[in-house]
Amino acid sequence: MAGRIPESFINEVSNAVNIVDVISQYVSLEKKGKDYIGLCPFHQEKTPSFTVSENKQFFKCFGCGKGGNVFKFLMYQENLTFPESVKRVAELANISMPNGVGTKSTTLSPLLKMYQDATEFYHHILLTTKAGEKGLTYAKNRDLNEDILNHFQIGYAPDNDQILLTFLKQQGYEDDLLQRSGLFVESKDGQLFDRFRDRLMFPLMNETGRTIAFSGRRISDDPEIAKYVNSPETEIFTKSKLLYHLSEAKKAVRDEGHLILYEGYMDVIAAYKAGIRSGVASMGTSLTSEQVYILRRITPNVIINYDGDNPGIHAAERAITLFNQVAGFNLGIVVLPDNLDPDEYVKKYGKEKYQNEVEGALAPTKFLLQRTALKYNLHNEREKLAYVNDAIALIASLNDPVASDIYINDLAKEANVTIESLKVSLLREQRKQRRVQQRRNQNQISLQLPEVNSTLNNDAVITENKETANPKTKSLQRLLYLFIHSEEARDYLLENNFLFPDQEYAAIAEKWLEYLRKDQTHTIQGFMNFVPSDIEGIIVNIEMADMPADYSKQEIDDQVKALEINKIDEQLSKLQLSLKEAQRKNDNDELLKITQKIIELKRLKS
């Protein structure tokens, strides 16, 4: 990025946005007290440990430890440098970068850059070349207009086995990168050929909108050729973690209120044509727990709209089971008539009717009850009884008594039985399910005990526990907080020649004094952009600890005294080890010296 960004501009950008609004574009946040919580975007978790403080404009994950200000969040989330992050936040705030600053484009990894070049190359061929006319004709026949082609960056790979290879070599890419990119197949003699030929090309993008893979759809009618060819997994592409169109769909969540999950990208495109911008797809593969986690992180409101045929219905049933393993979802299920998929439905009935189907999405339990009813002949008493038992089992799994009441009333009318008798059966089934769950929980606890022990041996966890419980760390944090936030406390510590006895805390204190001399506007958010990344975590921990601003000089003296005593205790521990070593060697002179030092140190403590 050309030119250094002025500190005043960084502060202006930081003050122009609310960190909650920025992070909400990536994480579904729920207000808890004065803070917001959600599932961490940087590691997989089922219980939210990611906290955002609107008051302090900081975030902190108490699971993985990552934290910082709005710039740091985007650096983590979108793999940006600090200047790139400032530019990104400035764009969100509609603030222009200063002249001579921000003209350099974001630096991508070589493989991401290669995929970007390939995306632009295929897209260019489709829209502007004679070689792409065949693909463009096919696209138009599929009702893919120019707006759709541009929004989804659709392209065309001509029937030429080395056209992409030649282009990328001209761009200077080395053979090793080309070989492991997934864009080519290798012959027995080591020669590379384009993986995709004579195919409409659909870029598969990650959450930040960077192409990481492709799916190629054949345009010929030759049944001997595979209908779809997808990129293999690479260092930047893991199929189980990708949701098609997510980078764009999550922007629409605020307006549409949900994400809609489809089976394939043509369904997403059909929904887009119908005015629905919040569609994503799991690329025709079975939904994974990783994808469910990603969806939950962005929003709890998800509508499943798989194909209306039997495989699509069964896939929806499996998806519900997977979603139920993660708490907090508000699921809806759309079942289209006539075994149609969304693309076929929009073509047959139009946009408005499809939007009505989405608005009328069924609750998961209602969908499952309807599916269960189809398995039985309800005119046969024996089968009706079996259906009622299955329906009771479904309703018993609900934690919402109001929902249970609604479904019991519906079931009573449908089966022509009394509500009272169904409620008796419901209570019996609930007790049964609780006993099963209790046994399952006990078995899981037994299985997890070794995992807990191994977790306690993890250095990172031990460090975090020490940091939480260690009295020395608490004193250091309190004194550094006062040093930063109170000019009077800072002056008092400096007048008494206090030096932080920890190298990292001392470095932060020194940086704060340097920051005060350098900038007239002093904010903790601005300071975060001034310190090295290896010590900024300490600042985040202190800020998120919610320490009181009030203090007394006696409190400062007590904290300093506690650090002095801690230092003496550390010296005593080392001397005790030296004492044992001297005893082992029968070194009486050394024993005497060490004993005298121990006595002197204990005297200082008293």
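Among contacts in the protein chain between residues at least 6 apart in sequence, what percentage join residues at least 24 apart? In the predicted model, the figure is 62%. The protein chain has 606 residues, of which 46% count as buried. Its secondary structure comprises 27 helices and 15 strands, and a box of roughly 95 × 75 × 55 Å, taken along the principal axes, holds the C-alpha atoms.

Towards the N terminus, helix 1 spans residues 7-16, and its buried residues are E7, F9, I10, N11, V13 and S14. These buried residues pack against four helices, namely helix 3 (70-78), helix 4 (82-92), helix 23 (503-518) and helix 24 (524-528).

Strands 1, 2 and 3 are considered next. Strand 1 (residues 30-32) is paired with strand 2 in the antiparallel sense, with three bridges between them. The two strands make a hairpin in which two residues lie between them, and G33 in the turn adopts a positive phi of about 65°. On its other pairing, strand 2 is joined to strand 3 (residues 50-53) by four bridges, again with an antiparallel course. Residue I37 takes part in both pairings: I37 is the bridge partner of E30, and I37 also stands opposite T51 in strand 3. In a regular strand, side chains alternate between the two faces of the sheet. Strand 2 (residues 35-38) has Y36 and G38 on a covered face, while D35 and I37 lie on the uncovered one.

A second sheet is built from parallel pairings. It is open and consists of four strands in the order 13-12-14-15. Its edges are strand 13 (279-281) and strand 15 (330-333), each of which pairs on one side only. From one strand to the next the twist averages 30°. Between strand 12 (residues 259-262) and strand 13, the parallel pairing is made over three bridges, with L261 opposite V280 in strand 13. Helix 11 (residues 265-273) lies across strand 12 and strand 13, and runs at about 175° to strand 13.

Among the helix pairs, helix 16 (residues 364-374) and helix 17 (residues 381-396) have axes that come within 10 Å and cross at roughly 160°. Angles over 145 degrees count as roughly antiparallel, and helix 16 and helix 17 are therefore roughly antiparallel to each other. Their crossing is right-handed. The contact is formed by L368, L369, T372 and A373 of helix 16 with Y387, D390, A391 and L394 of helix 17. By class, the residues of this contact comprise six nonpolar, one polar and one charged.

Further along the chain, S552 is placed in the loop between helix 25 (533-544) and helix 26 (553-585). The relative accessibility of S552 is 35%, so the residue counts as partly exposed; the cut-offs for this class are 20% and 50%. S552 and A489 are 63 residues apart along the chain, and their C-alpha atoms are separated by 8.6 Å.

Methods. Residues are numbered from 1 along each chain as its sequence is written. This is a predicted model: local features need pLDDT of at least 70, side-chain atom pairs count only at pLDDT 80 or more; totals for chains, interfaces and linings use all residues. Side-chain values use heavy atoms; hydrogens and water are left out. Buried means under 20% relative accessible area, exposed over 50%, partly exposed in between (1.4 Å probe, protein chains only). Two strands pair if DSSP finds at least two bridges between them. Axes are lines fitted to C-alpha atoms, for helices over the stretch in contact, and angles run from 0 to 180 degrees between N-to-C directions. Angles under 35 degrees count as roughly parallel, over 145 as roughly antiparallel, 65 to 115 as roughly perpendicular and the rest as oblique. A crossing is left-handed if the near helix is turned anticlockwise from the far one by less than a right angle, and right-handed if clockwise. Contact means heavy atoms within 4.5 Å. Ala, Val, Leu, Ile, Met, Phe, Trp, Tyr, Cys and Pro count as nonpolar, Asp, Glu, Lys and Arg as charged, and the others, Gly among them, as polar.
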